[in-house]
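Here are a few exercises to work through with the model open beside you. Try each task before you read its solution.

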Amino acid sequence: MLGFGLSRWFVGNVVDYGRVYSEGWGDFTTNDFKEITGQDAHSFKQFASDFAPAFGGSPVAARA
């Protein structure tokens, strides 16, 4: 990334975020969506399946 002209500060942050996420730092969910909307949240997999036709694909059955 440095070779492409990105700053050391930026590259350091990208590396730090990659490290902490790979260690599970971002591996959590909240119930914020349901509290705000009153509706259950859907997984990204379900969203992608439901809206695949809008993106030029075909729907697929969501897998567990």
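**Exercise 1.** Which residues are linked in a network of salt bridges?

*Solution.* A word on the ground rules first: this is a predicted model, where local features need pLDDT of at least 70, side-chain atom pairs count only at pLDDT 80 or more, and totals for chains, interfaces and linings use all residues. Residues are numbered from 1 along each chain as its sequence is written, and side-chain values use heavy atoms, with hydrogens and water left out.

Step 1: set the cut-off. A salt bridge here is a side-chain nitrogen of Lys or Arg within 4 Å of a carboxyl oxygen of Asp or Glu.

Step 2: go through the pairs. The structure holds three salt bridges. Asp16 bridges to Arg19, with their closest N and O atoms 3.7 Å apart. Arg19 also bridges to Glu23, at 4.0 Å between the closest N and O atoms. Lys34 pairs with Asp40, and there the closest N and O atoms are 2.8 Å apart.

Step 3: join them up. The network consists of Asp16, Arg19 and Glu23.

**Exercise 2.** Where do Asp16 and Arg19 lie, and what does Arg19 count as, buried, partly exposed or exposed?

*Solution.* Step 1: place them. Both Asp16 and Arg19 are in helix 1, three residues apart, about one turn of the helix. (Helices are DSSP runs of H or I with at least four residues, strands are runs of E with at least two, and both are numbered from the N terminus.)

Step 2: check the span. Helix 1 covers residues 8-22, so 15 residues, and reaches 21 Å from first C-alpha to last, close to the expected 21 Å. That expectation is 1.5 Å times one less than the number of residues.

Step 3: check exposure. Buried means under 20% relative accessible area, exposed over 50%, and partly exposed in between (1.4 Å probe, protein chains only). Arg19 has a relative accessible area of 42%, so Arg19 is partly exposed. Asp16, at 38%, is partly exposed too, while Glu23 counts as exposed because its relative accessibility is 59%.

**Exercise 3.** Which residues do ring pairs link into a cluster?

*Solution.* Step 1: define a pair. Rings of Phe, Tyr and Trp (its six-membered ring) pair if their centres lie within 6.5 Å; planes under 30 degrees apart are stacked, over 60 edge-to-face, and the rest tilted.

Step 2: look for pairs. The whole structure gives five aromatic pairs. One of them is Phe44 with Phe47, a tilted pair with 6.0 Å centre to centre and 40° between the planes.

Step 3: see how they sit. Phe44 and Phe47 are three residues apart in helix 3 (residues 44-51), so about one helical turn separates them. Phe44 is exposed at 64% relative accessible area, and Phe47 is partly exposed at 36%.

Step 4: the cluster is Phe44, Phe47, Phe51 and Phe55.

**Exercise 4.** Why is the protein chain more spread out than a compact globule?

*Solution.* Step 1: count elements. The chain has three helices and zero strands.

Step 2: compare radii. The radius of gyration is taken over C-alpha atoms, and the globule rule is 2.2 Å times the number of residues to the power 0.38. The chain's radius of gyration is 18 Å, well over the 11 Å that the rule gives for 64 residues, so the chain is more spread out than a compact globule.

Step 3: look at burial. Of the 64 residues, 5% count as buried.
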